[in-house]
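Grab your favourite viewer and a coffee. Below is a short set of exercises, each with its solution worked out in steps.

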Amino acid sequence: MASSITIENVNAAYGAVRVIEDVSINVKAGETVALLGTNGNGKSTLMKCVMGIVRPTAGRIVAEIDGEKHNLIGLSTEQIVDLGIALVPEGRRLFPKLTVEENLLLGAFRAKARAQIKTNLDFAFEAFPRLAERRRAGACTRADAGAAYPSGG
Ligand SMILES: Nc1ncnc2c1ncn2[C@@H]1O[C@H](COP(=O)(O)OP(=O)(O)O)[C@@H](O)[C@H]1O
Ligand SMILES: [Mg+2]
């Protein structure tokens, strides 16, 4: 699947606090782009603009997926996720009352991903055998109690 994303002249603010100004980034198909900066520079805010969590005050964000252009500004986060665009936030954001397997299944929220649940789960358990051992354990049960403790990454 050929996909690219173009961020053009984006501004974003939290109320009167202007956080990003005139930011443009183009990520072409097959490219990996790292956005570097010290704390508070607006990296997360830009990612939230892409995901529809923060609404930019100016600029354009367009994703091209399989030759079709999607203007992301104005779409809901759910619609953006449904296009296959995802944000993995920093930190241990697990659902502590769900099992390891249930937490992994939440990654298959999209209808397209749901169709491939088995293949993807098998891949995760093969790559990280410890998860397979602890698939039915609570995601945040203490490790010394014999249950799982995935990092959330
Ligand atoms: N929800 C918010 N409300 C007000 N200010 C915010 C909010 N989130 C982030 N900020 C401010 O916006 C600036 C950029 O933050 P952020 O995008 O999280 O930076 P980074 O991810 O590069 O560390 C910081 O000054 C931060 O304090
Ligand atoms: Mg951040």
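The exercises go from the whole chain down to single residues.

**Ground rules**

This is a predicted model, in which local features need pLDDT of at least 70, side-chain atom pairs count only at pLDDT 80 or more, and totals for chains, interfaces and linings use all residues. Residues are numbered from 1 along each chain as its sequence is written, while chains are lettered from A and ligands numbered from 1 in the order in which they are written.

**Exercise 1. Sketch the overall layout of the chain.**

Step 1: list the elements. Helices (H or I, at least four residues) and strands (E, at least two) are DSSP runs, numbered from the N terminus. The chain has six helices and four strands, and from the N terminus on they run β-β-α-β-β-α-α-α-α-α.

Step 2: box it in. Along the principal axes, the C-alpha atoms take up roughly 50 × 35 × 25 Å.

Step 3: split it up. Domain bounds come from an automatic or database domain assignment; here that gives domain 1 (3–82) and domain 2 (100–145). Taken over C-alpha atoms, the two centres are 29 Å apart.

Step 4: check contacts and burial. Two residues are in contact if their C-beta atoms, placed from the backbone, lie within 7 Å. Of the contacts with a separation of 6 or more, 51% join residues 24 or more positions apart. A residue is buried if 20 or more other C-beta atoms lie within 10 Å of its own, exposed if 12 or fewer, and partly exposed in between, with C-beta atoms placed from the backbone. Buried residues come to 14% of the 153 in the chain.

**Exercise 2. Work out how strand 1 pairs with strand 2 and strand 3.**

Step 1: fix the criterion. Two strands pair if DSSP finds at least two bridges between them.

Step 2: take strand 2. Strand 1 pairs with strand 2 in the antiparallel sense over seven bridges, and Y14 sits opposite V17 in strand 2. The two strands make a hairpin with two residues between them, and G15 in the turn has a positive phi of about 60°.

Step 3: take strand 3. Strand 1 and strand 3 are also antiparallel, over seven bridges. N11 has A58 in strand 3 as its bridge partner.

**Exercise 3. Find the largest nonpolar core and see what feeds it.**

Step 1: define it. A nonpolar core is a set of buried Ala, Val, Leu, Ile, Met, Phe, Trp, Tyr and Cys residues joined through C-beta atoms within 7 Å.

Step 2: collect the members. The largest core has twelve residues, among them I5, I20, L46 and I80. Strand 1 (3–14), helix 1 and strand 3 (58–65) each give two or more, with the largest share, four residues, coming from strand 1.

Step 3: zoom in on I20. Not counting residues up to four places away in sequence, I20 touches V10, N11, A12, G42, T45 and L46.

**Exercise 4. Characterise the shell around ligand 1.**

Step 1: pick the residues. A residue is near a molecule if its C-beta atom, placed from the backbone, lies within 6 Å of it. The ligand 1 shell is Y14, V17, V19, G37, N39, G40, N41, G42, K43, S44 and T45.

Step 2: assign elements. Strand 2 (17–27) and helix 1 (43–50) each supply at least two residues, and helix 1 gives the most, with three.

Step 3: sort by type. Ala, Val, Leu, Ile, Met, Phe, Trp, Tyr, Cys and Pro count as nonpolar, Asp, Glu, Lys and Arg as charged, and the others, Gly among them, as polar. The tally is three nonpolar, seven polar and one charged.

**Exercise 5. Decide whether N9, D22, F109 and I117 are exposed or partly exposed.**

Step 1: N9. This strand 1 residue has phi near 50°, a positive value in a non-glycine. N9 counts as exposed because it has 12 C-beta neighbours inside 10 Å.

Step 2: D22. In strand 2, D22 also has a positive phi, about 55°, without being a glycine. With 10 other C-beta atoms within 10 Å, D22 is exposed.

Step 3: F109. It lies in the loop between helix 3 (100–105) and helix 4 (111–114). F109 has 12 C-beta neighbours inside 10 Å, so it counts as exposed. Its C-alpha atom is 8.7 Å from that of V81, 28 residues away along the chain.

Step 4: I117. This residue belongs to helix 5 (residues 117–127). I117 has 13 other C-beta atoms within 10 Å and is therefore partly exposed. Leaving out residues up to four places away in sequence, I117 touches L105 and A108.
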